[in-house]
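Subject: Structure for your review

Dear colleague,

Please find below the structure that I am handing over to you. My findings are set out after it, and I would be grateful if you read them with the model open.

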Amino acid sequence: SQPDRYVVIGNPIAHSKSPDIHARFAAQTGEHLQYERLLVPLDGFADALGNLMKSGCRGANVTVPFKLEAFELSSQRSERAEAAGAVNTLRFDGTDIHGDNTDGVGLVNDILCNTPVRIKGARVLLLGAGGAARGVILPLLAQEPAALCIANRTVAKAEELAERFQQWNAGKSRLEACGFEQVAPDFDIIINATSASLSAELPPVPAAVFREGVFAYDMMYGKEPTVFMRHAASHGATARDGLGMLIEQAAEAFFVWRGVRPDTGPVHNALRAAL
Ligand code: NDP
């Protein structure tokens, strides 16, 4: 029989590691599927979805810049997609388009399953208020941290997010917002969801927030530790990059589509070695 078909849609897309990750998951679990990159013109996302569905494609991952459009075109959405306001995983089911967001769970699972760090009861600082930050807030709150502080260059955006997510907070965590310079030095987990690392910059938080016992997570990853990781480690913090988040969000998408959870450890090792 023909393998079930999945794609990752973006523009650009050539750099995407998703086909490699899903091919490894499929080989490991014996799932009969094929997974390809699909480059779509900036104004062609809706047409591309229509064509994929007509051709019998079963699902898609969605990356920059189409996550908001994927949200809007979804006929049904998971709660975590609704909260994130963005969709990175689509499941096609007849004429229905199920939209989900696995980015946040990817981050949380990477921390919980692959490090000794506990989020429950921890004081968490989230740097950034863009798409990546939005996607992780609900899964972080679900772990019941003592505090979740969102800090951003444009403070109003952080305040908007803190306000918006109160409805999902159930009063359990101290959920607040501030500017980078006002960050207090009393956090256990610091997550960099800014794109500053892309230009080798640091979000200008006081250096004292990084110290021994702090776990610093950069969503960015690469062959070498990022500038954020090096800065955090130079002040005594333990630092981790975002490769695990990428692999765990893919594993969650694989589970959404196939109902099977791949073992991410060997895939992480293989991708790390190939960076
Ligand atoms: P957005 O463009 O939506 O948001 C960018 C954020 O970074 C904003 O909060 C912006 O602040 C802030 N920012 C940009 N430049 C600087 C700077 N020089 N100094 C301080 N803050 C800055 O991007 P995304 O949220 O989509 O992506 C953020 C990062 O997360 C990227 O590096 C991306 O690669 C990574 N990512 C990793 C994933 C993974 O699986 N590992 C998944 C998704 C994203 P302002 O609001 O003031 O403009």
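The notes below go from the whole chain to its two sheets, the ligand site and some backbone details.

Please bear in mind that this is a predicted model.

Overall form

The chain contains ten helices and twelve strands. Its radius of gyration is 19 Å, close to the 19 Å that the globule rule gives for 275 residues, so the chain is as compact as a globular protein of that length. Along the principal axes, the C-alpha atoms fill a box of roughly 60 × 40 × 30 Å.

Two domains divide the chain: domain 1 (4–101 + 245–274) and domain 2 (116–241). Their centres, taken over C-alpha atoms, are separated by 26 Å. Where the two meet, eight residues of domain 1 are in contact with seven residues of domain 2. On the domain 1 side, helix α4 (residues 79–84) gives the most, with three residues. By class, that side of domain 1 has four nonpolar, two polar and two charged residues.

The mixed sheet

One open sheet consists of six strands in the order β2-β1-β3-β5-β6-β4, and its pairing is mixed. At its edges stand β2 (33–39) and β4 (76–77); each has a single partner strand, so one side of each is left without a neighbour in the sheet. Strand β1 (residues 4–10) runs parallel to β2 and is joined to β2 by seven bridges. Within β2, E36 is the residue that stands opposite V7. Helix α9 lies across β1, β3 (59–62), β5 (89–93) and β6 (96–100), and runs at about 10° to β5.

The parallel sheet

A further open sheet, again of six strands, has the order β9-β8-β7-β10-β11-β12, with parallel pairing. Strands β9 (174–178) and β12 (238–240) are its edges, and each pairs on one side only. On average, neighbouring strands of this sheet are turned by 15° against each other, direction ignored. Strands β7 (residues 123–127) and β8 (residues 147–151) run parallel and are joined by five bridges. The bridge partner of R123 in β8 is A147. Helix α7 (residues 155–164) lies across β8 and β9, and its direction is at about 165° to β9.

The ligand site

Where does the ligand lie with respect to domain 1 and domain 2? Both domains give residues to the shell around the ligand, so the ligand lies between them. There are 26 residues around the ligand, of which G130, A132, R153, T194 and G242 come nearest. Helices α6 (131–142) and α9 (243–258) each supply at least two residues of this shell. By class, the shell has eleven nonpolar, eleven polar and four charged residues.

Backbone details

Two cis peptide bonds deserve mention. In the bond from N11 to P12, omega is near 5°; P12 lies in the loop between β1 and α1 (18–29). In the bond from V64 to P65, omega is near 0°; P65 is placed in the loop between β3 and α3 (67–73). In addition, E144 has a phi near 55°, a positive value in a residue other than glycine. This residue, E144, belongs to the loop between α6 and β8.

With kind regards

Key. Residues are numbered from 1 along each chain as its sequence is written. This is a predicted model: local features need pLDDT of at least 70, side-chain atom pairs count only at pLDDT 80 or more; totals for chains, interfaces and linings use all residues. Two strands pair if DSSP finds at least two bridges between them. Helices (H or I, at least four residues) and strands (E, at least two) are DSSP runs, numbered from the N terminus. Axes are lines fitted to C-alpha atoms, for helices over the stretch in contact, and angles run from 0 to 180 degrees between N-to-C directions. A residue is near a molecule or strand if its C-beta atom, placed from the backbone, lies within 6 Å of it. Ala, Val, Leu, Ile, Met, Phe, Trp, Tyr, Cys and Pro count as nonpolar, Asp, Glu, Lys and Arg as charged, and the others, Gly among them, as polar. Domain bounds come from an automatic or database domain assignment. The radius of gyration is taken over C-alpha atoms; the globule rule is 2.2 Å times the number of residues to the power 0.38.
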